[in-house]
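Reader: Could you take me through one small part of this protein up close? I keep hearing about salt bridges and would like to see how one sits in its surroundings.

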Number of protein chains: 2
Amino acid sequence: MSATHTDVRLREDLLPCGSPAHEDCGLHLSLDRLGERWSVMALAQLSAGPCRYRELERSLPGISQRMLTLTLRRLERDGHVLRHVEASIPPSVTYELSDLGRSFATQVARLVEWSRARKAEIEAAQARFDAHADR
Amino acid sequence: MSATHTDVRLREDLLPCGSPAHEDCGLHLSLDRLGERWSVMALAQLSAGPCRYRELERSLPGISQRMLTLTLRRLERDGHVLRHVEASIPPSVTYELSDLGRSFATQVARLVEWSRARKAEIEAAQARFDAHADR
DNA sequence: CGGCATCCGCTAGGATACTG
DNA sequence: CAGTATCCTAGCGGATGCCG
């Protein structure tokens, strides 16, 4: 096969939903991150300050190494996260929010705040809907 | 088979990502809608005012009837959208935002606004990342 | 017109094993 | 410690067809 070497797969994984329809509507870019399972939580954790790979892994219960790496790489690609490598033994890699990332995290936090405030209202609506639909 | 009757499948489809990890972090509910392909665009369209099923379909180029229905049902379930049925022939169904939905749409619009403002910055970061990673 | 039912492909993401 | 590679599956979402 023509595959040159290793990281081809990873590079493909980095580009998830290139949904052209979103572009049409003016949506795009890092908004896609919101649809991912771990991005928002990683952002939240990093908002508290720089964090090493292992710390992040522990702070996101249930995340796999694969997804942690993928999530961080995508955030890094979007310019939200900075990656610092300390080439010691064992190695130490620290992640932190960039200015752009902090700005983004702030916006996202607002939305989370909103959903928390409306939580009861939404759950009530869901319960009503389900009650009427069932049976 | 034991299948009683029709809409069982749809009811299952209505409940997508019950990601428990999101709950852990305080995230939940309608935030999940942001990860869906059409929800934000439907919300945007409905922000302009009430809209019939067919109009929505036309305003969201490329959407399938299945996804339009599913998207609207989930937004309705969350209490964001109200559904009015006019039992005429042919029937007429109109969708519109509730107060909750308008509030939600406003929040989302803010985020979209942010991403639009930062678009160039993000694309530059992506280009830099890709240039360094490739080759 | 406004849907539902079905089949089906793709990919996000989990589990596991291995490296520098 | 901080990843990468591989395998595998659940389910999101598209295409199509039918119905009141």
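Author: Sure, let's start with Glu57(A), which is buried, with a relative accessible area of 17%. That counts as buried because the cut-off is under 20%. Keep in mind that this is a predicted model. Now look for the partner: Glu57(A) makes a salt bridge with Arg54(A), and their closest N and O atoms are 3.2 Å apart. Unlike the buried Glu57(A), Arg54(A) is partly exposed, at a relative accessible area of 48%. Both residues belong to helix α4 (residues 53-59) of chain A, where they sit three residues apart, or about one turn of the helix.

Now hop over to chain B. Arg54(B) and Glu57(B) form a salt bridge too, with the closest N and O atoms 3.2 Å apart. These two are separated by about one helical turn because they are three residues apart in helix α4 (residues 53-59) of chain B. Here Glu57(B) is buried, at 18% relative accessible area, while Arg54(B) is partly exposed, at 49%.

For another kind of pair, go back to chain A. Asp78(A) forms a salt bridge with Arg33(A), and the closest N and O atoms are 2.9 Å apart. This one links distant parts of the chain, 45 residues apart: Asp78(A) is in the loop between α5 (65-77) and β2 (81-86), and Arg33(A) in the loop between α2 (20-25) and α3 (39-47). Both Asp78(A) and Arg33(A) are buried. They also belong to a salt-bridge network that takes in Glu36(A) and Arg74(A). Over all chains, the structure has 16 salt bridges.

Definitions and conventions. Residues are numbered from 1 along each chain as its sequence is written. Chains are lettered from A and ligands numbered from 1 in the order in which they are written. This is a predicted model: local features need pLDDT of at least 70, side-chain atom pairs count only at pLDDT 80 or more; totals for chains, interfaces and linings use all residues. Side-chain values use heavy atoms; hydrogens and water are left out. A salt bridge is a side-chain nitrogen of Lys or Arg within 4 Å of a carboxyl oxygen of Asp or Glu. Helices (H or I, at least four residues) and strands (E, at least two) are DSSP runs, numbered from the N terminus. Buried means under 20% relative accessible area, exposed over 50%, partly exposed in between (1.4 Å probe, protein chains only).
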